[in-house]
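Me: Hey, I just opened this one and I'm new to it. Can you walk me through it?

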Amino acid sequence: MSVKVGLVSLGCAKNLIDSEIMIGHLAKAGMTMTPDASEADVVIVNTCSFIDASKHEALEAIYEMSDGKATARKKGQKLIVAGCMSQRYQGTIPTVEGAKGRIELPKVDAFIGLDQVTNIVPVIHKVMGGEAGMTEFLAKTTTFIPDFDTPRFRLTPKHSAYIKIAEGCNHPCTFCIIPRIRGRHRSRTVESVVKEARQLVAEGVKEINLISQDTTYFGMDRWTDARPNPRSKVDSTKGESLASLLRELDKIEGDFWIRLLYTHPAHWSDELIETIGQSQHVVRYVDIPLQHISDRMLGAMQRETDGAYIRDLIKRMRAGIPELVIRTTFIAGFPGETEEDFTELLGFLSETKFDRVGVFKYSKEEGTRGAKMEGHLSDEVKTERHGRAMLLLQKLSKERGERFVGKKLRVLVERPGVARSTGDAMEIDGVVQVPKKLLVGEFAEVTVTGASEYDLIAK
Ligand code: SF4
């Protein structure tokens with residue numbers, strides 16, 4: 001009888017791809033997936049551990065699944081914990097660091113790390129064979145990166161897919177734990193990514209989302225001259241780069257979009273701007289987390305950029321890529337942030353008028369350099385600043401929406417009555433409400449008739 005597996009996938013799109021790879025391997029081994037945890041022989045919780053809130057969500061899912069096990073939803077059901085949480089706490093498992101000290105995890109049959117997603121089948125065989133509390137599948141540092149032929153079962157809608165072009169991160173951001181969890185940056189080759197994109201387009205995918213921890217660093221980990229000049233026009237002479245990848249992807253025939261997510265501002269070059277500006281397939285949408293604008297804060301966060309560089313980069317991007325939609329994120333309440341720093345950030349938001357902005361309250365993460373810094377702000381101050389930023393953003397977002405009324409847009413229909421324009425990334429941004437008769441998974445031309453705070457209405 002085939003083993004039935006249930007999977008709970010938490011966190012970001014990068015983790016979702018890891019879930020897709022696990023399911024691809026299960027399917028290849030003849031195992032079946034079930035959406036109903038009560039009938040699964042094995043439940044896998046693929047965790048996220050980026051900030052406290054995601055850790056909390058992961059713990060809740062583990063407890064819920066383990067409770068199900070205890071109440072014998074299915075006799076002998078096994079529980080496997082995968083993803084960032086088991087990778088992050090591998091030295092102390094089965095305890096993890098919570099907001100108020102160590103937490104003992106409930107009984108788990110196996111913890112597996114990020115490099116073990118392709119090993120999920122032998123892990124399941126072992127737990128089904130009675131082995132319990134296994135941690136031997138955890139590797140201290142991660143080096144895995146998928147290839148175009150890595151077995152994978154897509155969990156996204158038929159018309160939209162993610163491609164992980166690189167994994168890991170070499171940046172030193174002081175608020176972030178990711179490099180310690182996901183390891184050093186390693187890129188796939190242009191050839192590998194293009195092969196995967198060709199397959200996806202042939203399968204009918206209409207939108208390819210390129211993701212990694214830092215998409216702009218693609219290829220640069222293999223350069224001998226490791227530190228690129230941000231204003232360089234000659235990226236491609238040093239080796240493969242995001243610009244050279246986009247030029248190759250652009251040669252694929254068909255009607256489809258390419259979307260860039262998670263680009264770090266430090267590695268944007270004029271060549272990349274020019275490439276996007278001239279591309280047929282790359283949409284005029286860029287996700288570029290900026291995190292702050294005050295020089296003091298950018299320095300403390302070690303973002304490898306300063307306010308003048310960021311302001312100039314935004315200007316160059318907007319000049320080189322007409323009608324560019326920019327999504328960005330900022331952190332409010334980083335240690336040492338003064339009222340003056342925060343006011344500078346609010347002023348920057350008002351004057352720059354980004355299309356999509358997320359502002360997050362600083363989360364103190366153990367193991368990061370930020371956690372050990374002087375000048376942590378009280379939760380009241382962080383909440384108050386976050387609230388002020390959100391109020392301003394709501395106002396700016398409404399004004400932006402109204403500017404679209406009367407304009408024609410090309411949209412990709414996501415589900416009946418709901419579509420996304422080039423300015424709306426899947427699961428991240430707003431949507432365009434469209435007539436229900438438009439075909440799901442196809443492009444359509446619509447005219448905007450109204451706007452709410454985050455969404456547009458079109459006919
Ligand atoms: S670029 Fe900075 S914030 Fe992003 S994953 Fe790397 S260290 Fe974390």
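Me: How many nonpolar, polar and charged residues are in the shell around the ligand?
Reply: This is a predicted model, by the way. The shell around the ligand has 5 nonpolar, 3 polar and 1 charged residues.

Me: Which residues surround the ligand?
Reply: Around the ligand you'll find Cys-169, His-171, Cys-173, Cys-176, Ile-178, Pro-179, Gln-213, Asp-214 and His-264.

Me: OK, zooming out. How many helices and strands does the chain have?
Reply: The chain comes to 13 helices and 21 strands.

Me: And what does the C-alpha trace span along its principal axes?
Reply: About 60 × 55 × 50 Å. The radius of gyration is 23 Å, and since a compact globule of 459 residues would have one near 23 Å, the chain agrees with that.

Me: What share of the residues count as buried?
Reply: Of the 459 residues, 46% count as buried. On contacts, take the ones with a separation of 6 or more: 75% of them come from residues 24 or more positions apart.

Me: Let's do sheets. In what order do the strands of the open sheet run?
Reply: There are 6 strands in that open sheet, ordered 9-12-13-14-15-16, and their pairing is parallel. Strand 9 (160–164) and strand 16 (356–361) are at the edges; each has a single partner strand, so one side of each is left without a neighbour in the sheet.

Me: How many degrees does the twist average from one strand to the next?
Reply: 20 degrees.

Me: Which strands does helix 1 touch there?
Reply: Helix 1 (residues 13–28) packs on the sheet and touches strand 9 and strand 12 (207–211). The helix direction makes about 95 degrees with that of strand 9.

Me: How many bridges join strand 13 to strand 14?
Reply: 2 bridges, between residues 257–260 and residues 282–287, with the strands running parallel. One pairing to look at is Ile-258, whose bridge partner in strand 14 is Val-282.

Me: Switching topic: which strands close into a barrel?
Reply: 5 strands do, in the order 17-18-19-21-20, with mixed pairing. Strand 17 (residues 408–415) and strand 18 (residues 418–421) pair in the antiparallel sense over 4 bridges. Leu-412, for example, has Arg-420 in strand 18 as its bridge partner.

Me: Which helix packs on that one?
Reply: Helix 13 (residues 379–404), touching strand 20 (443–451) and strand 21 (456–458). The direction of helix 13 makes about 120 degrees with that of strand 20.

Key. Residues are numbered from 1 along each chain as its sequence is written. This is a predicted model: local features need pLDDT of at least 70, side-chain atom pairs count only at pLDDT 80 or more; totals for chains, interfaces and linings use all residues. A residue is near a molecule or strand if its C-beta atom, placed from the backbone, lies within 6 Å of it. Ala, Val, Leu, Ile, Met, Phe, Trp, Tyr, Cys and Pro count as nonpolar, Asp, Glu, Lys and Arg as charged, and the others, Gly among them, as polar. Two strands pair if DSSP finds at least two bridges between them. Axes are lines fitted to C-alpha atoms, for helices over the stretch in contact, and angles run from 0 to 180 degrees between N-to-C directions. Two residues are in contact if their C-beta atoms, placed from the backbone, lie within 7 Å. The radius of gyration is taken over C-alpha atoms; the globule rule is 2.2 Å times the number of residues to the power 0.38. A residue is buried if 20 or more other C-beta atoms lie within 10 Å of its own, exposed if 12 or fewer, and partly exposed in between; C-beta atoms are placed from the backbone.
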